[in-house]
Structure formats: structure tokens, C-alpha cells
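Colleague: I am new to this structure and would like to go through it slowly, with the reasoning spelled out.

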Amino acid sequence: MPALSWRVWPALLLLLLPSAVAAEEEASLLEGWRDVWFFRFLVNMLGYSTIIIPGYFLISYFKRINYLDTGSGICFPLIKTCVFGSDAKSGLLDEVPVAARNEDSGSTLRQAVKLVFCAFGLQVSYLTWGVLQERVMTRSYGAATPDGEGEKFKDSQFLVFMNRILALTVSGLWCLLFKQPRHGAPMYKYSFASLSNILSSWCQYEALKYISFPTQVLAKASKVIPVMVMGKFVSRKSYEYWEYLTAVLISVGVSMFLLSSSTSKHPSTVTTFSGVIILVGYIVFDSFTSNWQDNLFKYKMSSVQMMFGVNLFSCLFTVGSLLEQGALLESIYFMTRHSEFAFHAVLLSVCSACGQLFIFYTISQFGAAVFTIIMTLRQAFAILLSCFLYGHATTVIGGFGIAIVFLALFLRVYARSRVKSGRRAAAPLTQKV
């Protein structure tokens with residue numbers, strides 16, 4: 001199928017309009033349609049569907065003919081891995097208790113050095129990533145022209161592709177260099193988490209065109225609410241009263257910040273309706289990703305294997321969509337015109353890939369509670385850093401709302417750690433009885 005340029009899609013959409021469009025209006029529409037986020041979203045989805053739909057029919061076909069029992073030949077191992085998986089039952093590396101991993105890890109000083117290393121790595125990786133993300137999506141590149149302030153980069157999907165291709169490379173090398181458990185999940189199941197992951201990342205980049213970075217950070221902090229909702233429907237989970245209480249506190253704090261947000265000269269500091277819709281999309285897609293990945297871990301894989309599988313499909317989806325739209329070459333041309341953007345895009349990808357590795361290492365060494373505290377502090381630092389570098393104004397009520405959000409997040413961490421400690425203390429008593 002020949003690559004479809006950016007000019008083909010709007011022409012097809014115009015044919016579907018219920019009424020005729022005037023010639024002069026049609027020309028302006030064809031020129032400015034790419035600035036409408038909803039059309040960009042539809043075009044991306046059309047690109048993904050050209051891979052998803054044929055894949056769906058192929059998987060259905062192999063299952064229908066019972067290929068696992070009747071198939072043979074050189075393609076059999078590949079099809080078996082992609083469609084059926086294996087019956088691997090080896091233990092998940094990340095399921096080893098943290099205390100057991102730390103028993104042989106050396107002195108307290110060594111553990112303290114490891115903790116500082118993890119905290120420093122996470123803060124540097126994701127604070128740099130946040131600053132670059134806002135720089136790339138809200139500021140111009142190149143010298144100012146009489147008609148404007150320079151050239152802005154607009155294709156969020158290309159940035160998602162850059163992040164995923166490097167993460168795929170890093171996770172692939174990690175799997176080759178370090179021993180991993182035997183893989184058992186059908187590869188196609190990663191595509192669900194991959195699709196929701198690239199859509200959430202796209203929304204994350206795209207939202208910065210319509211809202212401020214502090215608003216986005218607070219919205220990400222409040223995603224525990226839709227995660228709980230998704231957990232109810234996807235994983236059939238139940239929650240404690242303190243989880244509902246902290247979710248309400250987070251909602252109140254975010255509402256206080258949003259309602260008190262002031263505008264400034266830069267459009268990225270204005271919370272618009274489009275920005276809110278895109279943020280809702282980000283939260284919904286990201287909530288589905290985490291819950292689907294939780295279900296995939298039942299196949300007893302390591303976190304790096306999960307990282308590789310999800311990023312493999314993410315690269316396939318994004319590069320296919322970019323090629324069909326003709327946007328891949330346009331983005332590369334933009335990189336050649338603006339070397340500063342090329343440096344920012346590469347550094348953005350490096351920070352994202354390194355950050356994922358720091359996440360896995362921190363959780364394996366110190367557990368999820370310590371990791372959550374570090375990342376919560378990172379979100380607070382990110383807001384302060386963004387306000388300092390890009391001049392976002394925050395009112396007293398907005399600052400109080402931010403404080404409520406992070407207080408609720410710390411309460412969640414504290415309550416969860418107390419519950420886990422109580423369960424561990426009760427376990428020996430239960431065994432004695």
C-alpha cells in the first residue's frame with residue numbers, strides 16, 4: 001500500500017462532510033487541519049488500524065485451525081511465540097521479596113549509597129525529561145521571522161517513536177546480557193498495553209499545547225482515581241477505605257489548583273477545554289496500560305521483558321503510522337533544519353529509557369513504597385522547576401491545592417506500608433495457630 005501523505009487524509013475527510021465547502025474555505029481547511037488535535041488523533045488511529053486489523057484476522061485464523069497442534073515448518077516457532085506463547089512456569093524475578101534480596105546486599109552504608117544512587121538517577125532522568133518535554137512542545141526553534149517566533153515542532157507521535165525505539169534497544173540489550181526467566185506470554189497480548197501506552201504518551205505530549213506543565217503533573221498525580229476504577233472493571237480489585245479517602249483528597253486538591261489557575265502571556269499556561277479532554281484521554285489510556293500489564297505478569301516474566309514486548313509493538317505501530325502519513329520524513333527534515341531539536345529529542349529518549357531502568361532497579365532493591373515516595377517528590381520538584389524556568393504563575397489557593405495532592409499521595413504510601421507491615425506481622429501468628 002503506497003504511503004499516504006498528510007494531504008490525502010483531509011481530502012478524504014472532506015468527501016465525508018455533509019455539506020459543500022466553499023473553495024476559499026476548503027483551501028484554508030486543508031492548510032490548517034493538522035493544527036486540530038482531534039484530526040491528528042483520528043489519523044494516528046487509522047494508521048494503527050492498518051496493522052491491528054490484519055493482525056487480528058491472522059491471530060483468529062491460526063487459533064481457528066488449531067495451528068498449535070497441526071502446524072509445522074520453519075515458521076512454527078515464530079507463530080507459536082506470537083499467537084500461543086509457551087507453558088513457561090518459571091518464577092518472576094521481580095517477585096522475590098525485597099527483604100530476601102537485601103539480606104546478602106552488604107552493609108547499611110552500601111544500602112544507603114544504593115538508595116541515594118536510585119533517587120538521584122530517577123530525579124535527574126525524569127526532571128530532565130519533564131523540562132525537555134515542555135521545551136519541545138511549547139517553544140519555537142530557529143531564528144525569529146517577521147511573521148512569527150520561529151518554527152514549532154508539532155508531531156507528538158514522532159517523539160513517542162523516538163522514546164520507544166531507544167527503550168526497545170536498551171531493553172533488548174538488557175535481556176541479552178542478563179539472564180531472564182523463560183518467556184511464556186503470547187506476544188500479541190503486548191499489543192493491547194502497547195496501543196494504550198503510545199496513546200497515553202501522545203496525549204501527554206499533545207496536552208502541553210493546551211495546558212501548563214504543572215497542570216499536567218497534577219493530573220498525572222490524580223490518575224490513582226481512574227486506576228482504581230479500571231481496577232474494579234479490568235482486574236476485579238477491591239480497595240480499602242483509606243484509598244477512597246486519599247482519592248477524594250487528590251480530587252479536591254486538583255480542583256482547587258485548576259479553578260485558581262491564572263493565565264499569562266504564553267498560551268501553554270492556559271487550561272483549555274481541549275487540554276482537559278486530552279488529559280482525560282491520557283489518564284484513561286494510562287490506567288488501562290497499568291492494569292493490563294498487571295494481568296500480563298501472571299505469565300511470570302521480568303519487568304525488562306515486559307518493557308521489551310510493549311516497546312516492540314509501540315515501535316511497529318508508530319513507525320507504520322508515521323510512514324503512512326509521510327510524517328516520518330517531515331520530522332527528520334525538521335531535525336536536520338534544527339540541530340537543537342535533534343539534541344533535545346535524543347536526550348528526551350535517553351532520559352525516558354534510563355528512567356525506566358531506574359524504576360525497575362529501585363523497585364527490585366527497595367520495593368514499591370520507597371519508589372513511590374521518590375517519584376512523588378519528583379513530581380513536586382517538577383512543578384517547582386517548571387514554574388522557575390518557564391514562568392508559570394500559581395496563586396495561594398493553587399499552591400494549597402498542590403500541597404493537598406502531595407499530602408494525599410504520601411498518606412497513601414504510609415497507609416499501604418502500614419497495611420503490608422501488619423500482614424507480615426500477622427503471618428507468623430497465623431502459622432502458630
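The questions and answers below concern salt bridges, a helix pair and burial in this predicted model.

Colleague: How many salt bridges does a search of the whole structure find?

Modeller: One of them joins R40 to E206, with the closest N and O atoms 1.8 Å apart, and another joins R135 to E340, where the corresponding atoms are 3.6 Å apart. When the whole structure is searched, the number of salt bridges found is four.

Colleague: Which residues are linked with R40 in a network of salt bridges?

Modeller: R40 forms a salt bridge with E206, and because R40 lies in helix α3 and E206 in helix α9, this pair ties together parts that are 166 residues apart in sequence. K209 also forms a salt bridge with E206, its closest N and O atoms being 3.2 Å apart. The residues linked with R40 in the network are therefore E206 and K209.

Colleague: Is K209 buried or partly exposed?

Modeller: Buried requires a relative accessible area under 20%, a condition that E206 meets with a value of 0%. K209 has a relative accessibility of 23%, so the residue counts as partly exposed.

Colleague: Are α14 and α16 roughly parallel or roughly antiparallel?

Modeller: The axes of α14 and α16 come within 10 Å and cross at roughly 150°. Because angles over 145 degrees fall in that class, α14 and α16 are roughly antiparallel.

Colleague: How far apart in space are G320 and I51, C-alpha to C-alpha?

Modeller: G320 lies in helix α14 and counts as buried because its relative accessibility is 14%. Although G320 and I51 are 269 residues apart in sequence, their C-alpha atoms are separated in space by 7.7 Å.

Notes: Residues are numbered from 1 along each chain as its sequence is written. This is a predicted model: local features need pLDDT of at least 70, side-chain atom pairs count only at pLDDT 80 or more; totals for chains, interfaces and linings use all residues. Side-chain values use heavy atoms; hydrogens and water are left out. Helices (H or I, at least four residues) and strands (E, at least two) are DSSP runs, numbered from the N terminus. Buried means under 20% relative accessible area, exposed over 50%, partly exposed in between (1.4 Å probe, protein chains only). Axes are lines fitted to C-alpha atoms, for helices over the stretch in contact, and angles run from 0 to 180 degrees between N-to-C directions. Angles under 35 degrees count as roughly parallel, over 145 as roughly antiparallel, 65 to 115 as roughly perpendicular and the rest as oblique. A salt bridge is a side-chain nitrogen of Lys or Arg within 4 Å of a carboxyl oxygen of Asp or Glu.
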